[in-house]
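Me: I have a structure open and would like to learn how to read it feature by feature. Could you take me through it?

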Amino acid sequence: MIINIPYKVCSDYDGLNSLIEIFNRVKDVNFDTITFDFQNCKWFEANLCAVLGTICHNITQNINNVEFINLDKKIETVFSKNGFLQHFGGWRLQDYNYTTIKYRRYQSNEQSLFKIYLDEELLTKKDFPRMSVDLKKKIHESIFEIFENSISHGASEYVFSCGQYYPQKSPPRIDFTIVDIGRSIKTNVNEFLKQSLSGIETIEWVVKGNNTTKVGNTPGGLGLKLIREFLKHNKGELQIISAEGFWQQDKKNVIFTKNLQNRFPGTIVNLEFNIDNNYYFTKEDKLNEQNIF
């Protein structure tokens, strides 16, 4: 089977919708070779290797082969630098510009490795937004909670992640994506609330305040709340895709929602950090209130 990759695949509704369409085209294929043809593709945002890697993993789990052909030289170079192609018979190039965040696949029992990955690949990079030690610790905890939710709520065996620095963009930014193909937010929330909400409605439920489907004394729901608040001040973006729902908080803190053309069984979380000259800190840091959030 040949899959033609679109001309441009970005971290937006059209880009995610196209990848989820591909996921649904190949999800039930067995004993075949799936060929991803990049002949027409001239731009593929590298953080979305986390989504493409999830698709490829599902393909190989169904006893298929995966191959990539006609890769644009720039795309091939980035896919080699972030380690994506290495997972599928390709080679690895050294990233001397330090603009990639490595493609990784973590098992459910590798929480400690993901924590190290977050520090080394994202939070300690020189281009990551400048912030206090306390805030950086809270951001780390918040992103790690997204990973934990993929394991506990999503019941996913694997979690996929990748990212990319875009220093030449205006404004410069860092994109980071986490994906699982376990249970969707829609399934979890509706079972917890005993309701029949749509994909978008269930995403809206989990991003509000302290809402969580965790039970007992274990706290939950705080990760997305803090990330949302930080990205509002940072003029970054947050996207959550699950089931048929697409939810986005954009750079102007405007919420955009739309149904996907196909259903995604797990969850995709995109974090976009704006690289600026601000210094961020929490109220507890007791610094100048101008940039406190």
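Reply: The turns below go through sheets, helices, cores and salt bridges. Keep in mind that this is a predicted model.

Me: Let us start with sheets. What is the strand order in the open sheet of 5 strands, and what is the pairing?

Reply: Strands of a sheet pair through backbone hydrogen bonds, in either a parallel or an antiparallel sense. Here the order is E6-E8-E9-E11-E10, and the pairing is antiparallel. At the edges are strand E6 (100–107) and strand E10 (237–249), each of which pairs on one side only. On average, neighbouring strands of this sheet are turned by 15° against each other, direction ignored.

Me: How many bridges join strand E8 to strand E9?

Reply: E8 (residues 158–166) and E9 (residues 173–180) run antiparallel and are joined by 7 bridges. One residue pair to locate is Tyr-166 with its bridge partner in E9, Arg-173. Arg-173 will come up again under salt bridges.

Me: Which helix lies across E6, E8, E9 and strand E11?

Reply: That is helix H2 (residues 49–61), which runs at about 150° to E8. The stretch of E11 is 255–274.

Me: Which strands pair with E3, and in what sense?

Reply: E1 and E3 run parallel and are joined by 3 bridges. Strand E5 (residues 65–69) also pairs with E3 in the parallel sense, over 5 bridges. For residue pairs, Ile-3 has Phe-36 as its bridge partner in E3, and Thr-33 has Asn-65 as its partner in E5. Of the 5 residues of E3 (residues 33–37), 4 are buried, so the strand is largely enclosed by the rest of the structure.

Me: Now helices. How far apart are the end C-alpha atoms of helix H1, and what span should its 14 residues have?

Reply: At 1.5 Å a residue, H1 (residues 13–26) should span 20 Å, and its end C-alpha atoms are 20 Å apart, so the two agree.

Me: How many residues of H1 are buried?

Reply: The number is 11 of the 14, so H1 is largely enclosed by the rest of the structure. Among the buried residues are Leu-16, Leu-19, Ile-20, Ile-22 and Phe-23, but also Asn-17 and Asn-24.

Me: Why does Tyr-7 count as exposed?

Reply: The cut-off for exposed is over 50% relative accessible area. Tyr-7 counts as exposed because its relative accessibility is 56%. This residue sits in the loop between strand E1 (2–4) and strand E2 (8–9). Beyond its neighbours within four places in sequence, Tyr-7 is in contact with Asn-40, Cys-41, Lys-42 and Trp-43.

Me: Which residues have the most contacts inside the largest nonpolar core?

Reply: In soluble globular proteins, nonpolar side chains tend to be buried together. The largest such core here has 42 residues, and those with the most contacts inside it are Phe-36, Phe-38, Phe-44, Phe-68, Phe-79 and Phe-84. Elements giving two or more residues to this core include H1, E3, H2 and E5. A second, separate core of 39 residues includes Val-159, Trp-205, Leu-224 and Trp-247. Back at Phe-36, contacts outside its neighbours within four places in sequence include Ile-3, Ile-22, Leu-52 and Phe-68.

Me: How many salt bridges does a search of the whole structure find?

Reply: It finds 11. One of them joins the side chains of Lys-73 and Glu-76, at 4.0 Å from N to O. An α-helix has 3.6 residues a turn, so residues three or four places apart point the same way. Lys-73 and Glu-76 both lie in helix H3, 3 residues apart, about one turn. Lys-73 counts as exposed at 60% relative accessibility, while Glu-76 counts as buried at 17%.

Me: Where are the partners in the salt bridge between Arg-173 and Glu-272?

Reply: Arg-173 is in strand E9 and Glu-272 in strand E11, 99 residues apart, so the pair links distant parts of the chain. 

Their closest N and O atoms are 3.3 Å apart, and both residues are buried.

Me: Which elements hold Glu-237 and Lys-251?

Reply: Glu-237 lies in strand E10 and Lys-251 in the loop between E10 and E11, so their salt bridge ties together parts that are 14 residues apart in sequence. The closest N and O atoms of this pair are 3.0 Å apart. Glu-237 counts as buried at 12% relative accessibility, and Lys-251 as partly exposed at 33%. Salt bridges that share partners join Glu-45, Arg-173, Asp-175, Glu-237, Lys-251 and Glu-272 into one network.

Notes:
Residues numbered from 1 in each chain as written. Predicted model: local features only at pLDDT ≥ 70, side-chain atom pairs only at ≥ 80, totals over all residues. Heavy atoms only, no water. Pairing = 2+ DSSP bridges. Axes fitted to C-alpha atoms, helices over the stretch in contact; angles between N-to-C directions. Contact = heavy atoms within 4.5 Å. Expected span 1.5 Å × (residues − 1). Buried < 20%, exposed > 50% of the residue type's maximum accessible area, 1.4 Å probe, protein only. Core = buried A, V, L, I, M, F, W, Y, C linked by side-chain atoms within 4.5 Å.
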